[in-house]
Amino acid sequence: MEIVNTINEVRQKVAQARSAGKRITFVPTMGALHAGHVSLIDEARASADKCVDGGFVVVSIFVNPTQFGPGEDLASYPRTLEADSKLCDEHRVDLIFAPSAEEMYSRKLGPFGGDGSAGLTTVSVAKLTETLCGRTRPTHFAGVCTVVAKLFNIVLPNEAFFGAKDFQQATVIRRMAYDLNIPVDIRVCPIVRESDGLAMSSRNAYLSAEHRNQAVALHGALKMAAKLIDAGQPQATTVINEIKKYISENAPAGEIDYVQIVDPDTLEDVQTTDKPVQILVAVKFAGARLIDNMRAGNK
C-alpha cells in the first residue's frame, strides 16, 4: 500500500493500474475510520477482485473544509491518519490519497478559507439538497458535491462506495453523477451498527457516556416507526409524532433537528405510507449531531 498527497501522484498510480487492466474502486472518506468505513473498503476490495486482471482500491482521507458550516466541528474533527493507514493496509487497500486543503483547493484559482469558499467553481444539486440536513446546513451539500466531483475527476473510478447512514448524501451524489454524465457506478452499502443499534459514526466519539446511552434512542425510534408503518399505519404525521415522542422520552438530552418520512428517490415528504418510504432523523447532543435512517413499508 502507498500513501500519496498530490493529485499528480494519484493520477499516475491509477493510470498505471488501469493500463494493466485493473478495475478501479474508490472509497472517499474524511478519515477517523471505523467499522462502517471498513465495510465499504471490504466491498470495494471484493468488487475489484472480481476483475480478471485484478483490482486497484483507492481510499481518500480528506477532512473537506467546504462542507462544514460556521460554528461546526472542522477544527476538532478527528484526524487519525496513522491509525487509518494501518487499517487500510490490513484490508488490502492499494492507495491512500491524503491531500492537504491547499492541494484540493489551489489558492492560485481563487480564495480559500474557513468561510467555505474554495475557488470560483462549485457543484450543487437542486431540490434534493433543500430538505433534511440541507435545511439547517444550507452550504453543506455544495461542499460535498464539489469535493466528490473533484475526487471522481482525479481518481476516475469504475465504482465508488458510500454508506447508507448518509442516505441523503448518497442520493445527492448518485444524482450528481447521473446529471453530469460521470461514468462511475455509485454503490450504497448497508448501515453498520454498534451491538446496541447505534449507527457507527466518527462523531460518536464526541458523546459523553450519558449521551452515548441515550443516542440509541434514534435506532429504537426508527424500529418502532417501521413497525407502525409495516403494521398498516398510513398517516406519516402520526408516525412522525410517535418518533418525536419516543426520542423525547428516551433521549431527553437530545435536541431533535428533524424527523421526516420521505420518498426514497425524490426525498420529498410523503403524507401516507402506502408505498416504501425512508424514515430519517437527526438529533443534536452536546458536541455531536447524529443522523440515522431506515426503510419501511416494504411488506
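What share of the contacts between residues at least 6 apart in sequence join residues at least 24 apart? In this protein, the share is 72%. Keep that number in mind as you look around, and remember that the model you see is predicted.

## The overall picture

Let's start with the whole chain. The protein has 10 helices and nine strands. Its radius of gyration is 20 Å, close to the 19 Å that the globule rule gives for 299 residues, so the protein is as compact as a globular protein of that length. If you draw a box along the principal axes, the C-alpha atoms fill roughly 55 × 45 × 35 Å.

Next, the inside and the outside. Of the 299 residues, 52% are buried. The exposed area of the protein comes to about 14100 Å², and carbon and sulfur atoms supply 50% of that area.

Charges are another feature to look for. The protein carries 32 positive and 35 negative charges, and the mean positions of these two sets are 2 Å apart.

## Two cysteines

How many disulfides does the structure hold? The count is zero. Cysteine 88 is in no disulfide, and the nearest cysteine sulfur, which belongs to cysteine 189, is 15 Å away. Seen from the other side, the sulfur of cysteine 189 has cysteine 88 as its closest cysteine partner, but at 15 Å that sulfur is too far for a bond. A disulfide is counted when two cysteine sulfur atoms lie within 2.5 Å.

Are these two cysteines buried or exposed? Cysteine 88 is buried, with a relative accessible area of 0%. Cysteine 189 counts as buried too, at 6% relative accessibility.

## Two loop residues with positive phi

Now turn to the backbone. Alanine 32 is not a glycine, although its phi is positive, at about 50°. You can find alanine 32 in the loop between strand S2 (23-29) and helix H2 (35-49). With a relative accessible area of 13%, alanine 32 is buried, because buried means under 20%.

Leucine 267 is another residue other than glycine with a positive phi, here near 65°. Its place is in the loop between strand S7 (255-262) and strand S8 (277-285). Leucine 267 is buried, with a relative accessible area of 2%.

## Pairs across the chain

The table sets distance along the sequence beside distance in space for four pairs of residues.

| Pair | Apart in sequence | C-alpha to C-alpha |
|---|---|---|
| Aspartate 42 and valine 283 | 241 residues | 29 Å |
| Glutamate 72 and alanine 288 | 216 residues | 9.7 Å |
| Threonine 136 and glycine 69 | 67 residues | 9.7 Å |
| Glycine 134 and glutamine 168 | 34 residues | 9.2 Å |

A residue from each row deserves a visit. Aspartate 42 is found in helix H2, and at 35% relative accessibility this aspartate counts as partly exposed.

Glutamate 72 sits in the loop between strand S3 (55-61) and helix H3 (81-90). Its relative accessible area is 31%, which makes glutamate 72 partly exposed. Leaving aside residues up to four places away in sequence, glutamate 72 touches Gln67 and Arg137.

Helix H5 provides two stops. Which residues does glycine 134 touch, not counting residues up to four places away in sequence? They are Thr129, Phe141 and Gln168. Gln168 also appears in the table, where its C-alpha atom is 9.2 Å from that of glycine 134. Glycine 134 is part of helix H5 (residues 133-136) and is buried, with a relative accessible area of 11%.

Threonine 136 is found in helix H5 as well. At 41% relative accessibility, threonine 136 counts as partly exposed. Its contacts, again without residues up to four places away in sequence, are Asp257 and Arg289.

## Back to the start

With these places in view, the opening number can be read again: 72% of the contacts between residues at least 6 apart in sequence join residues at least 24 apart. The contact between glycine 134 and Gln168 gives you one place to look, since these two residues are 34 apart in sequence.

Definitions and conventions. Residues are numbered from 1 along each chain as its sequence is written. This is a predicted model: local features need pLDDT of at least 70, side-chain atom pairs count only at pLDDT 80 or more; totals for chains, interfaces and linings use all residues. Side-chain values use heavy atoms; hydrogens and water are left out. Helices (H or I, at least four residues) and strands (E, at least two) are DSSP runs, numbered from the N terminus. The radius of gyration is taken over C-alpha atoms; the globule rule is 2.2 Å times the number of residues to the power 0.38. Buried means under 20% relative accessible area, exposed over 50%, partly exposed in between (1.4 Å probe, protein chains only). Contact means heavy atoms within 4.5 Å. Accessible areas come from the Shrake-Rupley method with a 1.4 Å probe; for residues, only the protein chains shown count as cover. Lys and Arg count as positive and Asp and Glu as negative; His and the chain ends are not counted. The place of a charge is taken as NZ of Lys, CZ of Arg, CG of Asp or CD of Glu.
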